[in-house]
Amino acid sequence: MTEFAVLGGGASGLAGAISLGREAERTGLPAHITVYEKLPEPGKKILATGNGRCNLSCQDIDISRYNGDSGLLRHVLDHFTTEDCLDFFHSLGLLIREEDGRLYPYSLNAASVRNVLLSECQRLGVTVRTDYAVSSIARENGEFILNGSEYADMVLFALGGKAAAAHGTDGDGYRILKSLGIRYAPIFPALVQLKTGQDRDLKAVKRMKGTRARAAITLHRADGHPIGLESGEILFTDYGLSGIAAMQLSGDTAVLLRTEHPYLTIDFCPDLPDTVLLSYLRDCSGMRSNCPAGELLVGLLNRKISHEILLRAEISEEAAVSTLRTQQLARIAEEIKAFRLNITGTRGFKDAQVTRGGVPEEELREHSLESFRVPGLFFSGEILNADGICGGYNLHFAWGSGILAGKEMAERAALKGEGRSC
């Protein structure tokens with residue numbers, strides 16, 4: 001009987017346990033699988049995903065949607081496509097619906113996803129131990145010893161990263177990695193809000209607090225070189241920027257902040273070319289020639305944003321529109337298309353949706369999720385050096401890496417049982 005331990009009862013851990021159980025069932029491998037979960041119930045983070053609806057994958061899974069080690073990402077994504085994901089959940093009895101390319105449970109309730117996973121674990125005879133935090137792993141005589149008392153022949157390390165500690169991922173896994181001598185890439189909060197601390201910029205976002213806009217934002221290095229561009233909704237807060245477009249750039253921002261001072265430029269009218277926008281402003285200045293400048297942009301932007309645009313352009317809101325020169329209209333257009341905010345930080349792991357960094361492919365056996373330093377130890381999910389953008393990409397990687405690791409573990413156990421080299 002091979003004893004398998006799965007550390008973490010989240011998305012990746014539960015998928016890995018099911019994969020292991022199914023492989024054992026299919027091949028007749030004598031196996032006992034135990035999932036160790038520190039919280040009172042497994043899958044708590046699953047319940048919070050997609051605003052409680054669980055955006056479990058999407059139709060356009062591609063390596064370009066991810067950050068991290070390309071070899072690791074290809075290994076997982078080549079073995080787990082969107083079709084594979086659909087097949088997996090259909091095999092669990094979960095009906096899927098699609099909304100704009102994103103995949104959700106038909107019920108639009110994340111509990112449906114967790115429930116079918118746990119139901120399959122029960123059918124396969126997987127033991128799920130809750131309120132049990134694994135704080136130490138030792139390896140002696142070819143066996144793993146957890147917390148000095150629990151034994152396993154193989155371990156799936158699916159403890160997650162450090163994002164959203166309230167859901168059980170508080171970074172405990174990194175301390176265990178260090179104790180095992182396993183390196184990991186520096187970790188940062190990702191898919192999280194951005195902060196600005198410069199006095200002028202902070203005052204500006206505070207004045208626009210609560211204002212939402214559809215915009216395109218570009219992240220720049222300190223020397224002006226653009227790093228990334230995202231489009232979508234942004235939300236001004238009393239500390240900086242939130243919204244999907246801003247959060248998509250947060251991982252890159254956190255990395256840059258280690259060595260320099262990056263900044264953002266916001267394009268409030270991304271679908272209007274510069275010449276079209278300037279022509280619009282000229283037309284409006286003619287139509288509203290008797291109005292104060294504060295009324296110039298009423299048909300284009302939110303008033304709070306308009307106020308900041310004019311402030312940056314050094315134009316008084318009380319000034320008559322008729323007095324604005326072409327050069328001043330051009331300055332307004334420039335601010336609309338490239339409103340600059342200096343970024344001084346991101347919100348912390350507590351507010352982040354995912355962790356950037358983790359176990360790199362250099363720590364893994366070639367074309368495998370197994371540690372090359374500690375044979376029999378496999379990794380899956382957020383602990384690996386891979387993270388995706390919003391839209392189901394991170395959950396897809398969690399399912400895929402868990403399922404792949406489970407299959408690899410079962411194969412290793414079968415080879416070992418036959419007395420063949422692993």
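Two strands count as paired here if DSSP finds at least two bridges between them. With that in hand, the pairing in this predicted model can be read strand by strand.

Take first the open sheet built from three strands in the order E8-E9-E10, where the pairing is antiparallel. Strand E8 (137–140) and strand E10 (150–152) sit at its edges; each has a single partner strand, so one side of each is left without a neighbour in the sheet. From one strand to the next, the twist averages 30°. Strand E9 covers residues 143–146 and joins E10 in the antiparallel sense through three bridges. In one of the pairings, leucine 146 has glutamate 150 of E10 as its bridge partner.

Another open sheet of three strands runs in the order E3-E6-E5, again with antiparallel pairing. Its edges are taken by strand E3 (57–58) and strand E5 (96–99), each of which pairs on one side only. Two bridges link E3 to strand E6 (residues 102–105) in the antiparallel sense, and cysteine 58 stands opposite arginine 102 in E6. Helix H4, spanning residues 82–91, packs on this sheet and touches E3, E5 and E6. The direction of the helix makes about 140° with that of E5.

Turning to the interior, the largest nonpolar core holds 79 residues. The members that touch the most others are Leu7, Leu56, Phe89, Leu117, Phe157, Phe379 and Trp399. Helix H13 (residues 393–417) supplies the largest share of this core, with eleven residues. Phenylalanine 89 gives a sense of the local packing: leaving out residues up to four places away in sequence, it touches Leu56, Leu94, Ile96, Val113, Leu117 and Trp399. Apart from this core lies another, made up of 41 residues, including Ala215, Leu249, Ala293 and Leu296.

A polar residue deserves a look as well. Aspartate 201 belongs to helix H7, which spans residues 199–207. With a relative accessible area of 0%, aspartate 201 is buried, because that value falls under the 20% cut-off. Once neighbours within four places in sequence are set aside, the contacts of aspartate 201 are Thr196, Arg312, Arg340, Leu341 and Asn342. Two arginines are thus on that list, Arg312 and Arg340.

Technical notes: Residues numbered from 1 in each chain as written. Predicted model: local features only at pLDDT ≥ 70, side-chain atom pairs only at ≥ 80, totals over all residues. Heavy atoms only, no water. Helix = DSSP H or I, 4+ residues; strand = E, 2+ residues; numbered from the N terminus. Axes fitted to C-alpha atoms, helices over the stretch in contact; angles between N-to-C directions. Buried < 20%, exposed > 50% of the residue type's maximum accessible area, 1.4 Å probe, protein only. Contact = heavy atoms within 4.5 Å. Core = buried A, V, L, I, M, F, W, Y, C linked by side-chain atoms within 4.5 Å.
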